[in-house]
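I opened this one to see how the helices and the sheet fit together. My notes follow in the order I looked things up.

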Amino acid sequence: MDKGTVKLAPSILAADFARLGQQVVEAEQAGADRIHVDVMDGHFVPNLSMGAAIVQSLRRVTHLPLEIHLMVSDPDFFLDEFAAAGSDSFLVHWEGNNNLHRTVQRIRTLGKRAAVAINPATSGAVLEEIVQDLDQVLVMTVNPGFGHQQFLRATLLKIQRVRELVERLKPGCDVEVDGGIDATTAPLVVRAGATVLVAGSAIFGDRDGVATAMKRLRTALNHVEDETELAEQSALQRSQRCKSG
């Protein structure tokens with residue numbers, strides 16, 4: 001793993017909406033790679049959240065890509081409005097979508113990055129027929145619909161399997177994870193193969209502030225990258241010794 005390959009996507013679901021613009025700016029200044037926007041319709045998940053007006057407001061305060069996680073029953077209904085508001089990418093769920101390929105192609109037609117998300121109980125194998133049309137996949141590491149949930153460790157094996165599937169069928173496709181990500185769980189999912197981490201409470205809910213929280217996550221990730229670099233160097237040295245021997 002090269003340094004800097006792991007991207008952080010702060011989720012504004014956990015932000016203080018009285019200071020939303022300010023907190024997003026703080027996240028950008030602290031090194032966030034993109035902003036994650038959770039959209040819920042009260043049907044696909046038992047909760048309601050933000051609409052396109054929030055995206056339009058954020059577009060004025062940040063240059064970061066805005067990725068829209070559509071936890072909704074009919075994602076096609078929302079695409080045009082959110083695209084016009086300034087969204088850069090859409091994540092739609094495999095579960096409950098009547099025609100996933102059509103939805104992905106519609107996102108492409110709008111000129112946006114396309115991703116498919118799968119819930120914890122959904123096998124990663126369902127991505128095999130659609131991954132070649134995607135820019136990234138999202139493995140939910142909690143059940144969607146609420147913030148502040150505990151990371152499901154059983155998803156680690158699925159992240160590994162999805163990484164293997166991606167490497168086989170669409171190298172370069174990002175593997176994103178969302179749910180319960182903090183300085184403790186972030187190294188676990190990166191070792192399993194994740195390249196983009198969504199974090200909400202661990203960033204916006206940290207009492208020491210957004211910048212300190214981002215630094216804490218980056219420090220945890222740097223340790224994983226250092227471990228990987230040392231392992232690669234050791235493997236190279238062993239290979240060289242075998243050749244010279």
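Before anything else, I fixed the term: I call a residue buried when its relative accessible area is under 20%, and exposed when it is over 50%. I also reminded myself that this is a predicted model.

**Entry 1: helix α3**

I went through α3 with that cut-off and found Phe 78, Leu 79, Phe 82, Ala 83 and Ala 85 buried. Do they line one face? Wrong way to put it; I should ask what arc the buried residues of α3 fall within, seen down the axis. The arc is 150°, so these residues line one face of the helix. Turned away from that buried side is a face with the exposed residues Phe 77 and Ala 84. I then looked up what covers the buried residues, and the cover includes β2, α2 (52-59), β3, β4 and α4 (100-109). Just after the helix, Gly 86 has a positive phi of about 120°.

**Entry 2: aromatic rings**

A ring pair is described by the distance of the centres and the angle of the planes. I counted 2 aromatic pairs here. In the pair of Phe 77 and Phe 78, the centres are 5.4 Å apart and the planes stand at 85°; anything over 60 counts as edge-to-face, so this pair is edge-to-face. For Phe 78 and Phe 82 I got centres 6.5 Å apart and planes at 50°, so I logged that pair as tilted. Phe 78 and Phe 82 are 4 residues apart in helix α3 (residues 76-85), which means about one helical turn between them. Together, Phe 77, Phe 78 and Phe 82 make one aromatic cluster. Is Phe 77 buried or exposed? Phe 77 has 63% relative accessibility, so I count it as exposed. Phe 78 and Phe 82, on the other hand, are both buried.

**Entry 3: the sheet**

Next I traced the strands. They form an open sheet of 8 strands in the order β1-β8-β7-β6-β5-β4-β3-β2, with parallel pairing. Which strands stand at the edges? They are β1 (7-10) and β2 (35-40); each has a single partner strand, so one side of each has no neighbour in the sheet. From one strand to the next, the twist averages 25°. I zoomed in on β3 and β4 (residues 89-93), which pair in the parallel sense over 4 bridges. There, Ile 68 sits opposite Phe 90 in β4.

**Entry 4: Leu 70**

I picked Leu 70, in strand β3 (residues 66-71). Leu 70 is buried, because its relative accessibility is 1%. Its C-alpha is 7.1 Å from that of Phe 90, although the two are 20 residues apart in sequence. Leaving out neighbours within four places in sequence, I listed contacts of Leu 70 with Val 39, Pro 75, Phe 78, Leu 79, Phe 90, Leu 91, Val 92 and His 93.

**Entry 5: cores**

How many residues does the largest nonpolar core have? I get 65, and Leu 70 is one of those with the most contacts inside it, a list that also has Ile 12, Val 37, Val 137, Ile 159, Val 189 and Leu 197. Another core, of 6 residues, lies apart from it; among its members are Ala 115, Ala 117, Leu 138 and Met 140.

**Entry 6: helix α5 and Val 166**

Helix α5 (residues 155-169) lies across β5, β6 (136-140) and β7 (174-178), and runs at about 165° to β6. I took Val 166 from this helix. Val 166 is buried, as its relative accessibility is 1%. Not counting residues up to four places away, Val 166 touches Val 131, Val 137, Pro 171, Cys 173 and Val 175. I also noted a C-alpha separation of 8.4 Å between Val 166 and Glu 128, which are 38 residues apart along the chain.

**Entry 7: Arg 113**

Last stop was Arg 113, in strand β5 (residues 113-118). Arg 113 is partly exposed, with a relative accessible area of 33%. The C-alpha atoms of Arg 113 and Asp 88 are 6.5 Å apart, with their positions 25 residues apart along the chain. Beyond residues up to four places away, the contacts of Arg 113 include Arg 34, Asp 88, Asp 135 and Asp 174.

How values were computed: Residues numbered from 1 in each chain as written. Predicted model: local features only at pLDDT ≥ 70, side-chain atom pairs only at ≥ 80, totals over all residues. Heavy atoms only, no water. Helix = DSSP H or I, 4+ residues; strand = E, 2+ residues; numbered from the N terminus. Buried < 20%, exposed > 50% of the residue type's maximum accessible area, 1.4 Å probe, protein only. Contact = heavy atoms within 4.5 Å. Phe/Tyr/Trp six-rings, centres within 6.5 Å; stacked < 30°, edge-to-face > 60°. Pairing = 2+ DSSP bridges. Axes fitted to C-alpha atoms, helices over the stretch in contact; angles between N-to-C directions. Core = buried A, V, L, I, M, F, W, Y, C linked by side-chain atoms within 4.5 Å. Arc of directions from axis to C-beta.
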